[in-house]
Amino acid sequence: MSEPASLYARFTLSHEQYEAFMNSVPARPGGFADWQSWFDRRQMSGGSRVPPEILADFDAASVAEVIKAWREDAWTGTPPVEYDEIRRTLRIAMLQASENYHEMLRLLAPLRGAARFNEPGADDFVVILDFLWDEQAIEAYVRFGEGGSRFDEECVPAHLEEARAYLREALDYLQSRAG
């Protein structure tokens, strides 16, 4: 993979859960034991070992601060984060997340922390896919449930279509703002 992949995340959260998640300290990358198994399934230059330094904690005091930094970086193509109180849904899109698996790990870690806050039984997920250049390539797919998160190799078709549709909306939104 040489072009930056896109990220889409959907979480089911009450208003109180949403506020608690956004105000929470970002989940620590070292708090998840499955990074290496994800790396092992990827082809990457320089070896596929998870370097200990990328498991270091974040400097941000809250998830909201992390997301704000993403939004302030024009290169990522991150439109406003959308929280719908009626549907109890938080959706995050990033058109140019990264082409680097180490950076993807750093993007996924704070989002995986949502598992502590999302609705029990919700069908929540994060997918990183090559949306802009090759919609077939899925780089990471994380499912949420039972208070945790896990990598899954097979992306549910409905999740993939939801991600593509929302990323198309995000692209249209950003293009309309640039014109």
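This briefing covers the fold, surface and nonpolar cores of one protein chain. The model is predicted. The chain has 179 residues, and 50% of them are buried. Its largest nonpolar core holds 39 residues.

**Fold**
- The protein chain contains five helices and six strands.
- Read from the N terminus, the order of elements is β-α-α-α-β-β-α-β-β-β-α.
- Among contacts in the chain with a separation of 6 or more, 73% join residues 24 or more positions apart.

**Surface**
- The exposed area of the protein chain is about 9000 Å².
- Carbon and sulfur atoms supply 47% of that area.

**Largest nonpolar core**
- Within this core of 39 residues, the members that touch the most others are Leu7, Phe11, Trp38, Leu108 and Val126.
- Four helices each give two or more residues: helix 1 (15-23), helix 2 (35-40), helix 3 (63-72) and helix 4 (101-112).
- Strands that give two or more residues are strand 1 (5-12), strand 3 (89-98), strand 4 (125-129) and strand 5 (138-145).
- Helix 4 gives the most, with seven residues.

**Contacts of Leu7**
- Neighbours within four places in sequence are left aside here.
- Leu7 then contacts Ile92, Ala93, Met94 and Ala97.
- Leu107 and Leu111 also touch Leu7.
- Further contacts of Leu7 are Val126, Val127, Ile128 and Leu167.

**Second core**
- Another core, of 14 residues, lies apart from the largest one.
- Its members include Leu95, Phe125, Leu129 and Ala170.

How values were computed. Residues numbered from 1 in each chain as written. Predicted model: local features only at pLDDT ≥ 70, side-chain atom pairs only at ≥ 80, totals over all residues. Heavy atoms only, no water. Core = buried A, V, L, I, M, F, W, Y, C linked by side-chain atoms within 4.5 Å. Buried < 20%, exposed > 50% of the residue type's maximum accessible area, 1.4 Å probe, protein only. Contact = heavy atoms within 4.5 Å. Areas by Shrake-Rupley, 256 points an atom, 1.4 Å probe, with all protein chains shown as cover.
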